[in-house]
Amino acid sequence: MTALPNRIVIATRESRLALWQAEHVRDLLRQQYPSCSVELLGMTTRGDQILDRPLAKVGGKGLFVKELETALLDGSADIAVHSMKDVPMTLAEEFALVAIGPRETPLDAFVSSRYAALDDMPPGAVVGTSSLRRESQLHALYPHLAVTSLRGNLDTRLRKLDAGDYDAIILAAAGLTRLGLADRIRSVLPAEISLPAAGQGAIGIEALAARPEVAQWMAPLNDAETAACVRAERAVSRALAGSCEVPLGAYATLRNDSLWLRGLVARPDGSRIARAELEGRAADAEQLGLTVAERLRVDGADEILAELGQ
Ligand SMILES: NCc1[nH]cc(CCC(=O)O)c1CC(=O)O
């Protein structure tokens, strides 16, 4: 049996959302291991520093995890806490995802002081979003709206909205809810309107693969149902070389033991969207993801990805 931990250091980014999530994991670990000292190590990542360009143009998701992984390697931290959405689909072999916590609302949210919903927006109204996935789905269903880029952490994005730079913005409902800002959500976008990103709304814990004791310490924080859904979603994304650079959505839900997985790959301008879905056993999550990816390819994802220069 693995000895109980004496001390756990959590590497985290320093945005308000990242800190909330790391503090949440810290509090759960303190409850789980009352005699253990659990502390945060805050770090700034390149993803937090580069704010003037869309993520897709500066190297994607890896930007948010590299510095945290360095802290794991040099021993200054034992675990790193991430939004699963920001974790690259393939980790270097030194690292492992050791727990995925219960999911908050996985859907996207419509935030505006002028309009209650996308359907209320007049032609030419400006919607801000930082993701090609949201942008392409908006173009497809609301071609009369103007979609423009929006970067920065949650507070920055809300400030830009309040300054009048946009008529509305689209954000993950989970981040707003965690920060106590759920009252800013005017409407939640159903998956049929905006299929979420793989892992959206879930918190993941990463550790060194060479420290299995850390994985055992984290096991009580794992939520098996969320983990199965996120595994299926990430398999879709991985099979299609998914990252922020590709407009790709993947969303799984569980009913009893049955996992329903939906995926899409879109042309950034929304003029073409490949879709696929499948229902199967939760135990086959990875395989379901691979099959949905295969069906997406048949439905046109291959051509879209080729256009994107993948
Ligand atoms: N890419 C940034 C990011 N990473 C995770 C979240 C929200 C929280 C989550 O999905 O768990 C956000 C903000 C957003 O997309 O609005």
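## Sheet, domains and ligand shell at a glance

Strands β1 (residues 7-13) and β3 (residues 79-83) run parallel to each other, paired over 2 bridges. They belong to an open sheet of 5 strands, and this is a predicted model. The chain is divided into domain 1 (7-101 + 202-222), domain 2 (108-189) and domain 3 (237-307). A good place to start is the sheet, followed by the contact between domains 1 and 2, and then the ligand.

**The sheet and its helix**

- Within the β1-β3 pair, Ile10 stands opposite Ile79 in β3.
- Reading across the sheet, the strand order is β2-β1-β3-β10-β4, and the pairing is mixed.
- The edges are held by β2 (37-43) and β4 (95-100); each has a single partner strand, so one side of each is left without a neighbour in the sheet.
- On average, neighbouring strands in this sheet are turned by 30° against each other, direction ignored.
- Helix α1 (residues 16-32) packs on the sheet, where it touches β1, β2, β3 and β10 (203-208).
- The direction of α1 makes about 165° with that of β1.

**Where domain 1 meets domain 2**

- The centres of domain 1 and domain 2, taken over C-alpha atoms, are separated by 27 Å.
- Domain 1 brings 9 residues to the contact, and domain 2 brings 11 residues.
- On the domain 1 side, the elements giving two or more residues are α1 and α3 (55-58).
- Helix α1 supplies the largest share of that side, with 4 residues, so keep an eye on this helix: α1 also packs on the sheet.
- By class, the domain 1 side of this contact divides into 6 nonpolar residues, 2 polar and 1 charged.

**Around the ligand**

- Which residues surround the ligand? They are Ser83, Lys85, Asp86, Leu171, Ala172, Ala174, Gly175, Gln200 and Gly201.
- Two elements, β8 (168-172) and α7 (173-178), each give two or more residues to this shell.
- Sorted by class, the shell holds 3 nonpolar, 4 polar and 2 charged residues.
- Why does the ligand lie between domain 1 and domain 2? Both domains give residues to the shell around the ligand, so the ligand lies between them.

Key. Residues numbered from 1 in each chain as written. Predicted model: local features only at pLDDT ≥ 70, side-chain atom pairs only at ≥ 80, totals over all residues. Near = placed C-beta within 6 Å. Nonpolar A, V, L, I, M, F, W, Y, C, P; charged D, E, K, R; others polar. Domains from an automatic or database assignment. Pairing = 2+ DSSP bridges. Axes fitted to C-alpha atoms, helices over the stretch in contact; angles between N-to-C directions. Contact = placed C-beta atoms within 7 Å.
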